[in-house]
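Colleague: Please take a close look at the ligand site in this model. I would like the surrounding residues, the polar contacts and the pocket described together.

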Amino acid sequence: MLAMPYALITIPFSHFCEKARWALNHHRLGFEEQAYLPLFHLIGALPSGQRSVPILKAGEKTVGDSTDILHFCDQVGSGTRLFAERSLDDAEPDAIETWEEEFDQRLGPAVRVVVYDVLLAHAAYTRDFMVESGPGWQRQAIRPGFGMLRQAISKSYAITPARAQRARGRIDDIFARVAQTLADGRPYLTGDTFSAADLTFGSLAGPLVSPAEYGAALPPLEGAPDALKRLTEEFRATAAGEYLLRLYANDRIQA
Ligand SMILES: N[C@@H](CCC(=O)N[C@@H](CS)C(=O)NCC(=O)O)C(=O)O
């Protein structure tokens, strides 16, 4: 059997990893996903000299940041470009880059805090979800070790109710601006074509609306804590939430 040309190191449900996976799928680049549960992901990440995922391995080359992975996919892939072609003289970021950067810096971290705030408060549900998501031996280790993992996640992302409340405000603000931008009837954030702005909004906000087409299992709504069901319903009912579900239905090309 031929080896896949690319390997993507992930925490499968991570929204930054969904961003990389979506870009690879969009550009029809075959890859093998090497999935780790949180903390175990260090086994995959540290040899590349970093602590976070996604990491794309392309032969001798390592691409260790989701934005760089999108640019890499634009260079080698066969899908429509995610970023516009730009010359080195262009000093100012264009609209696609501006949205993408804001989603990376402000939306992604805020979504993580809001979702983990709910998940960590419901330990048994979240443990069972992680056990289901983990590959092979990690499943065995995570069940007894979940208390430790829960503390580590809470500490490393500084999950507190006050921070979750502020993060929610930031998400609501971004959702309102996305809705306002789309209110003139344009199909995508920067006009008529799907771009890195849409892909990044889709992936980083995806866990808030739990789309069926997300590239990994998300915490299931069946049997979910009421707080998670409520959160999902609230975001699905917004204009930006409807746009998210449309993006997944129409533009989340699968492998
Ligand atoms: N700027 C990075 C952020 C990636 C990121 O935050 N990854 C998280 C998962 S969503 C992670 O690996 N967290 C574990 C850690 O930092 O130890 C990117 O865009 O790739």
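Modeller: What follows goes from the ligand outwards to the pocket and then to the backbone.

This is a predicted model, in which local features need pLDDT of at least 70, side-chain atom pairs count only at pLDDT 80 or more, and totals for chains, interfaces and linings use all residues. Residues are numbered from 1 along each chain as its sequence is written, and side-chain values use heavy atoms, with hydrogens and water left out.

The shell around the ligand (residues with a heavy atom within 4 Å of it) consists of S14, H15, F16, H41, R51, S52, V53, P54, D65, S66, R112 and Y157. By class, four of these are nonpolar, five polar and three charged; here Ala, Val, Leu, Ile, Met, Phe, Trp, Tyr, Cys and Pro count as nonpolar, Asp, Glu, Lys and Arg as charged, and the others, Gly among them, as polar.

Three pairs of atoms can be listed at the ligand's nitrogen atoms. A polar side-chain atom of Y157 is 2.7 Å from a ligand nitrogen, and a backbone N or O atom of V53 lies 2.8 Å from a ligand nitrogen. For D65, an N or O atom of the side chain is 3.1 Å from a nitrogen atom of the ligand. The ligand taken alone exposes 510 Å², and the protein buries 77% of that (Shrake-Rupley method, 1.4 Å probe).

The ligand takes up the space of the largest pocket. A pocket here is an open set of points on a 1 Å grid over the protein atoms alone, where a 1.4 Å probe fits and protein lies on both sides within 12 Å along at least five of seven lines; lining residues have an atom within 4 Å of a point. The molecule counts as sitting there if more than half of its atoms lie within 2 Å of the grid points.

The lining comprises 34 residues, and I11, S14, R112, Y116 and Y157 lie nearest the pocket's centre. Elements giving two or more residues to this lining are α1 (15-26), α2 (41-45), α4 (95-120), α6 (136-156) and α9 (226-236). The largest share, six residues, comes from α4. By class, the lining has 21 nonpolar, nine polar and four charged residues.

As for the backbone, the peptide bond from V53 to P54 is cis, with omega near 15 degrees.

Definitions and conventions. A polar contact is a pair of N or O atoms within 3.5 Å; within protein, one must be able to donate a hydrogen and the other to accept it, and residues adjacent in sequence count only if both atoms are side-chain atoms. Helices (H or I, at least four residues) and strands (E, at least two) are DSSP runs, numbered from the N terminus.
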